[in-house]
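Subject: The structure I promised you

Hi there,

Here is the structure we talked about, for you to open and turn around on your screen. Below it I have written down what I found, so you can follow along.

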There are 2 protein chains.
Amino acid sequence: MNNLNILVLESIHPSGIKLLEKVGKVNVKFNLSKEEIYNFLKTTHIVICKSVINVDKEFILNAPKLLLVGRAGTGIDNFDVDFLKFKKIPLLTVPTGNSISAAEFTIMCILNSIKNTTKAINRVQKRDFRRDLLQGRELSQMTVGVVGLGNVGKLVVERLHPFGCKILAFDNKKNGNQNNFNKFKNTFHVESLEKLFRDSDIVTLHVTANNQSIGMVNKDLLSKAKKGLILINTARGRLLNNEDILEAIEKGIIKEAFIDTLYPEPSYSELPESCAYKHPFLNHSKITIFPHMAASTEDAQKRISLDLAQQIKLFLEKKNYLETSI
Amino acid sequence: MNNLNILVLESIHPSGIKLLEKVGKVNVKFNLSKEEIYNFLKTTHIVICKSVINVDKEFILNAPKLLLVGRAGTGIDNFDVDFLKFKKIPLLTVPTGNSISAAEFTIMCILNSIKNTTKAINRVQKRDFRRDLLQGRELSQMTVGVVGLGNVGKLVVERLHPFGCKILAFDNKKNGNQNNFNKFKNTFHVESLEKLFRDSDIVTLHVTANNQSIGMVNKDLLSKAKKGLILINTARGRLLNNEDILEAIEKGIIKEAFIDTLYPEPSYSELPESCAYKHPFLNHSKITIFPHMAASTEDAQKRISLDLAQQIKLFLEKKNYLETSI
């Protein structure tokens with residue numbers, strides 16, 4: 001045992017904490033005030049957080065002993081990456097830890113979007129069994145456009161492949177991913193987003209939110225879409241121009257949307273009775289909304305927690321921090 | 001054109017009717033009384049129906065010119081097959097026409113069962129975004145038992161395969177199907193239903209209802225199941241012993257059930273306000289019910305209608321009925 005102090009500021013799966021206890025003294029502290037955090041930071045060597053705690057310049061300056069920051073998951077909008085680099089403090093992440101869960105959730109959305117699932121369940125509860133009113137589609141006869149072939153998008157293509165639907169894939173990075181699916185006879189790479197939207201019955205988004213992609217699904221792109229499009233977004237809410245989506249639904253360009261990620265995001269801890277969150281998509285008859293849960297499976301959280309703890313352990317071993325006292 | 005009279009007694013997709021019009025005079029007549037049907041039958045050469053019209057001995061005896069019966073779909077409980085054979089009247093069916101739709105629907109049920117889908121949609125509609133209360137599972141980390149490797153079961157296995165879950169498959173017929181999945185490293189054949197239920201987190205049924213299979217999911221089998229089982233039934237309601245299912249839910253053996261086919265079946269045309277149908281599964285918090293719709297997609301109905309019409313055309317050509325006048 002050594003004198004490393006590990007401060008866990010957001011909830012992670014216990015499996016990782018168990019492993020971290022082998023490398024240092026773990027302090028699990030949620031919902032602290034800024035002052036309380038800074039007080040703990042004085043003696044902290046390793047900080048672990050997720051997407052809520054802001055690891056900004058001030059935070060970092062208040063942590064004189066900080067060796068390492070761990071992000072339990074992917075997405076680092078809440079970290080001052082440049083300042084961490086300047087201070088030579090590594091930021092460890094788990095970029096693929098929840099990709100499988102997100103891909104599975106996407107396939108679930110795609111199937112629900114063509115099977116009238118929610119409508120059917122609600123009707124049967126009211127003793128309405130008129131299945132003729134619920135006739136859906138067969139995925140095998142449709143075209144699915146997958147935008148982005150990164151960690152999640154490529155897993156979506158793999159899972160879609162045996163359904164026999166035509167798959168159109170677009171990725172603006174000319175990297176190796178393009179060749180991964182040449183073995184699938186029903187998967188085709190298209191050279192532009194416009195072509196993908198023009199030829200797809202269902203479009204699902206799997207790109208990160210950055211200056212190029214924010215608002216990419218807008219009026220202009222949608223004007224080129226196949227009429228009656230089903231849009232799935234389990235990536236980031238900011239990829240959509242909300243107003244343009246509503247207009248496209250109004251015009252019948254978009255038939256239905258399945259949205260896991262809203263922008264702006266609601267609070268995920270507030271009680272419904274005190275929740276003042278408003279969003280034009282809420283309770284829209286053509287939009288099905290989930291609470292940014294695609295990646296939130298027990299299994300993914302466990303994998304992320306363990307993976308991060310293992311990375312931290314390896315890093316410390318490599319730097320000999322586990323053999324020497326700080 | 002010849003003098004063949006074709007009587008269509010239940011709704012089929014127009015594409016098949018269009019084709020049938022090339023081989024004879026098509027009469028589409030729904031909701032007839034028995035008397036009216038028998039009156040039409042006097043001059044009918046070909047009858048087409050689905051699952052509602054009873055083609056029994058009396059029906060057949062009232063059709064002196066009957067050459068052929070077509071069942072738009074699979075399942076022939078409503079046909080007196082022996083008497084048709086005795087009268088040498090062929091019965092054409094489309095046994096695989098809706099298999100893909102049924103397999104897709106099953107994957108949808110499996111994913112919904114582990115992602116808290118319905119609960120999430122309902123909560124968000126009430127502005128409750130507490131995703132921590134909805135943490136689901138990742139299919140990749142689970143074991144799915146597929147009972148029956150016939151037309152639907154084998155398609156379910158193919159679609160499950162890339163999800164990376166462990167797949168246990170059981171088929172009591174020692175036919176070629178067993179070898180189909182040896183290429184899938186995550187698919188294993190088990191020698192008994194008991195073993196499948198013991199080791200699976202999710203079990204999905206794909207067997208026909210016959211003397212051997214009716215009531216097969218009963219107290220005895222469930223007593224061997226893994227605690228917390230998710231049960232999917234898109235095959236036939238009679239495979240389950242309803243009372244034993246409810247008891248297993250009560251005991252926590254079954255965590256949740258997704259049921260497309262109830263026994264006894266409700267009427268699929270009745271208005272909810274006049275529907276007197278009762279079933280112990282209805283509005284049960286752990287049972288999600290669909291109105292026997294797994295196969296009811298626009299695409300499957302079109303395929304079935306066209307396939308049946310083509311079979312009829314081929315049969316008539318082979319027998320030279322299309323060249324000679326009846």
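Let's begin where the two chains meet: 62 residues of chain A touch 62 residues of chain B. Please keep in mind that this is a predicted model.

**Where chain A meets chain B**

Together the two chains bury about 5600 Å², and carbon and sulfur atoms give 60% of that area. On the side of chain A, the residues that lose the most area to chain B are Arg127(A), Phe129(A) and Arg131(A), which together make up 14% of what that side buries.

How many salt bridges cross the interface of chain A and chain B? The rule finds six. One to look up is Glu138(A) with Arg303(B), where the closest N and O atoms are 2.3 Å apart. The interface also has 28 residue pairs in polar contact, counting pairs with both residues at pLDDT 80 or more.

Which elements of chain A give two or more residues to the side that touches chain B? They are α5 (99–115), α6 (117–125), α7 (151–160), β12 and α11 (298–318). Of these, α5(A) gives the most, with ten residues. Sorted by type, the residues on this side of chain A are 28 nonpolar, 18 polar and 16 charged.

**Chain A as a whole**

Chain A has eleven helices and twelve strands. Its C-alpha atoms fill a box of roughly 70 × 50 × 35 Å along the principal axes. Of its 326 residues, 54% count as buried. If you take the contacts in chain A with a separation of 6 or more, 62% of them are between residues 24 or more positions apart.

The domain assignment splits chain A into domain 1 (5–95 + 299–318) and domain 2 (99–296). You will see that domain 1 is written as two stretches of the chain. The C-alpha centres of the two domains of chain A lie 33 Å apart.

What do these two domains share? Four residues of domain 1 of chain A are in contact with six residues of domain 2 of chain A. Between them the domains bury about 370 Å², with 35% of it on carbon and sulfur atoms. On the domain 1 side, the touching residues are two nonpolar, one polar and one charged. The count of salt bridges between domain 1 and domain 2 of chain A is zero, and the count of residue pairs in polar contact, both at pLDDT 80 or more, is also zero.

**Salt bridges within the chains**

Side chains of opposite charge can pair when their charged atoms come close. Over all chains, the count comes to 26 salt bridges.

In chain A, Lys34(A) and Glu58(A) form one, at 3.6 Å from N to O. Lys34(A) sits in helix α2 (residues 34–41) and Glu58(A) in helix α3 (residues 57–61), so this pair ties together parts of chain A that are 24 residues apart in sequence. Glu58(A) is partly exposed, at 37% relative accessibility.

Chain B has a salt bridge between Lys34(B) and Glu58(B), with the closest N and O atoms 3.5 Å apart. Here Lys34(B) is in helix α2 of chain B and Glu58(B) in helix α3 of chain B, 24 residues apart.

Another pair in chain A is Asp201(A) and Lys226(A), whose closest N and O atoms are 3.0 Å apart. Asp201(A) lies in the loop between α8 (193–199) and β9 (202–205), and Lys226(A) in the loop between α9 (219–222) and β10 (229–233), so the pair ties together parts that are 25 residues apart in sequence. Asp201(A) counts as buried, at 18% relative accessibility, while Lys226(A) is partly exposed, at 33%.

Also have a look at Lys195(A), Arg198(A) and Asp199(A), which are linked in a network of salt bridges.

**One residue to zoom in on**

Finally, find Thr261(A), in the loop between β11 (254–259) and β12 (287–289) of chain A. Is Thr261(A) buried or exposed? Thr261(A) counts as buried because its relative accessibility is 2%, and the cut-off for buried is under 20%.

Which residues does Thr261(A) touch, leaving aside its neighbours within four places in sequence? They are Asn233(A), Thr234(A), Ala235(A), Arg236(A), Gly237(A) and His292(A). Its side chain reaches the backbone nitrogen of Gly237(A) at 3.2 Å, and a polar atom of that side chain lies 3.5 Å from the backbone nitrogen of Arg236(A).

Enjoy exploring!

Methods:
Residues are numbered from 1 along each chain as its sequence is written. Chains are lettered from A and ligands numbered from 1 in the order in which they are written. Side-chain values use heavy atoms; hydrogens and water are left out. Helices (H or I, at least four residues) and strands (E, at least two) are DSSP runs, numbered from the N terminus. Buried means under 20% relative accessible area, exposed over 50%, partly exposed in between (1.4 Å probe, protein chains only). A polar contact is a pair of N or O atoms within 3.5 Å; within protein, one must be able to donate a hydrogen and the other to accept it, and residues adjacent in sequence count only if both atoms are side-chain atoms. Contact means heavy atoms within 4.5 Å. Buried area is the accessible area (1.4 Å probe) that two parts lose on being put together, summed over both. A salt bridge is a side-chain nitrogen of Lys or Arg within 4 Å of a carboxyl oxygen of Asp or Glu. Ala, Val, Leu, Ile, Met, Phe, Trp, Tyr, Cys and Pro count as nonpolar, Asp, Glu, Lys and Arg as charged, and the others, Gly among them, as polar. Domain bounds come from an automatic or database domain assignment.
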